[in-house]
Amino acid sequence: MTLRFSESLRQSCEATWTRAVEHRFVQELGEGRIADEVMAAYLIQDHRFLDSFLVLLGAAIASSDRFESRLVLGRFVGMVCGEENTYFLRAFDALGVDTDTRSRTPDTAPTAGFKAIMREAAETRSYAAALAVLNVAEGLYLDWAQRVPRPLPTNFVHAEWVTLHDNPVFVDFVAFLQAELDRVGPGDAALAQDFFQRAVDLELAFFDAAYADGDA
Ligand SMILES: Cc1ncc(C[n+]2csc(CCO)c2C)c(N)n1
């Protein structure tokens with residue numbers, strides 16, 4: 001049986017992908033023993049994702065070859081923009097991170113790298129390039145979240161960060177992204193491979209960066 005295109009990209013990055021989804025951050029999160037400073041550093045950076053992420057989703061909508069795909073992507077955009085997702089604000093509150101601390105904290109290199117790659121993929125106007133980055137940003141997150149043992153920790157800061165990335169809507173969306181990449185990726189294979197691999201490298205670096213100032 002031939003490998004799905006999305007699977008072949010993942011396999012080409014297997015070592016880095018696995019290091020990311022089995023990262024110390026994921027282990028400690030699942031055991032509810034992640035240090036507050038590490039969780040805070042991580043969430044401060046992650047909160048800065050959304051703007052460029054929406055640029056990327058918008059580019060995927062614009063560059064898709066199918067109305068049906070635009071509808072699925074558009075519904076996801078609507079959910080991300082419209083849902084009162086108060087997780088970050090409640091988590092910052094619980095961790096004692098005020099707005100001043102957040103605004104004074106500079107982007108780490110992986111955060112800057114992610115913002116740049118999402119905008120770069122958007123600017124290619126290639127649906128395959130956008131899908132490659134989306135498959136990593138969403139698929140790698142679903143993968144680690146599904147590996148976290150149940151029951152989840154009692155602290156909502158830890159538990160909700162898992163359920164945000166492992167729920168039925170998210171599972172369906174990742175399956176859609178994979179099917180789309182399987183469909184259009186082979187037509188733009190080198191470009192898709194390049195964006196996919198760089199995005200996987202950034203995911204690992206992003207987890208590492210949460211520990212950079214701490215006791216790592
Ligand atoms: C480093 C990093 N990579 C991927 C995600 C996953 N993610 C990025 S945007 C988005 C949709 C809106 O919630 C999701 C699920 C993340 N949070 N942080």
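The questions below concern one helix, the ligand shell and the nonpolar core of a predicted model. Residues are numbered from 1 along each chain as its sequence is written. In this predicted model, local features need pLDDT of at least 70 and side-chain atom pairs count only at pLDDT 80 or more, while totals for chains, interfaces and linings use all residues.

Q: What length does helix α13 reach from its first C-alpha to its last?
A: Helices here are DSSP runs of H or I with at least four residues, numbered from the N terminus. Helix α13 covers residues 189-209, which is 21 residues. The expected span is 1.5 Å times one less than the number of residues, and the helix is close to that expected 30 Å, reaching 30 Å.

Q: Which element gives the largest share of the shell around the ligand?
A: A residue belongs to this shell if its C-beta atom, placed from the backbone, lies within 6 Å of the ligand. The shell includes A137, E138, Y141, E203 and F206, and the elements that give two or more residues to it are α10 and α13. The largest share, three residues, comes from α10.

Q: Which element gives the largest share of the largest nonpolar core?
A: A nonpolar core joins buried Ala, Val, Leu, Ile, Met, Phe, Trp, Tyr and Cys residues through C-beta atoms within 7 Å, where buried means that 20 or more other C-beta atoms lie within 10 Å of a residue's own, with C-beta atoms placed from the backbone. The largest such core has 60 residues, and V133 is one of those with the most contacts inside it. Its largest share, 13 residues, comes from α10.

Conventions: Buried ≥ 20, exposed ≤ 12 C-beta atoms within 10 Å, placed from the backbone.
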